[in-house]
Amino acid sequence: MGLRGDYTQAGADFSVEQDWSRYTAEEHALYRRLFDRQSKLVPRYACPEWIRAIAHLDAAREIPRFDQVSSKLRAATGWEIVAVPGLIPDAAFFTHLANRRFPVTVWLRRPDEFDYIVEPDVFHDFFGHVPLLFDRVYADHLHEYGKGGLKAMRLDAVKMLARLYWYTIEFGLMTTAQGVRAYGAGLLSSGGELAYCVDDPKPRRLPFDLERIMRTGYIIDRYQESYFVIDSFDQLMRETAPDFTPIYARIRSSQ
Ligand SMILES: [Fe+2]
């Protein structure tokens, strides 16, 4: 796939050993700096579910040991972390999610990528995604998404389904008693977009609309022009529960 990361040791499901002892002191220090910067932002910009979860993770000092976090996760929601070399093919990714395993990249970005990185690294994957797996509804939703992904592959509809992931799991906003807050991992792990998505008047903040999301393309290397806002993870769960087959067909026939 021409991606960063060492895929030579990966199993058929693309999992690898985290091999925690191989992280250098510099990498732990860089992770800590990333964590510290985001920690100043999240009290104001992250959704309460994420804030609640991170408090129990003890993940501020060094790159976390995935097996230790998996033990906590298994007890909380039946999820676990699986270490991967980087981005993995759709089939492997969806299969992991459909079995309540969240793939987390093992490598950390370089110091010159402190502010921005295109591919997900361990900081993005861990800080952005893992805390919300402790929320029962979110965790169940992501499980359903994984099953939906395998189905979308059979229906040749992954591109449409991926937009749902993008506008929710990666860049989703939520209305809370404190105002609009971020729950998308791409936002939570971003030094710049986390404040932008909540404070800046420029982007559109649209109410969650499944079909509109599936019709909305996205850009990966700039801040988003549109965000979709949910009321709660219950809403996300509820509105993504129906069979997407007729929606895929409708979108396809109108394009
Ligand atoms: Fe992500």
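Which helix holds S39? S39 sits in helix α1, which spans residues 25-45. Keep in mind as we go that this is a predicted model. With a relative accessibility of 29%, S39 is partly exposed. Its C-alpha atom is separated by 9.8 Å from that of S189, although the two positions lie 150 residues apart along the chain.

Now let's turn to the metal. The iron ion is coordinated by NE2 of H124, NE2 of H129 and two OE atoms of E170, at 1.9 to 2.8 Å. In sequence, these donor residues follow the spacing H-x4-H-x40-E. H124 belongs to helix α5 (residues 122-129) and E170 to helix α7 (residues 158-170), so this pair ties together parts that are 46 residues apart in sequence.

What about the geometry at the iron ion? The four donor atoms subtend angles of 51 to 136 degrees, so the arrangement is irregular. For reference, the ideal angle for four tetrahedral donors is 109.5 degrees. A set of four counts as tetrahedral if all angles lie between 85 and 135 degrees.

Are the ligands H124 and E170 buried or exposed? H124 is buried, at 10% relative accessibility, and E170 is buried as well, with a relative accessible area of 11%. Buried here means under 20%.

Finally, have a look at the surface. Y116, V118, Y218 and I220 make a nonpolar patch of about 400 Å². One of these residues, Y218, is placed in the loop between α10 (210-215) and β6 (226-230). Y218 has a relative accessible area of 33%, so it counts as partly exposed.

Note on methods: Residues numbered from 1 in each chain as written. Predicted model: local features only at pLDDT ≥ 70, side-chain atom pairs only at ≥ 80, totals over all residues. Heavy atoms only, no water. Patch = residues over 30% accessible without salt bridge, like charges linked within 9 Å, V, L, I, M, F, W, Y side chains within 5 Å. Areas by Shrake-Rupley, 256 points an atom, 1.4 Å probe, with all protein chains shown as cover. Salt bridge = Lys/Arg side-chain N within 4 Å of Asp/Glu carboxyl O. Helix = DSSP H or I, 4+ residues; strand = E, 2+ residues; numbered from the N terminus. Buried < 20%, exposed > 50% of the residue type's maximum accessible area, 1.4 Å probe, protein only. Donors = N, O, S within 2.8 Å, 3.2 Å for Na, K, Ca; no water. Tetrahedral: all angles 85-135°; square planar, octahedral: opposite > 155°, others 65-115°.
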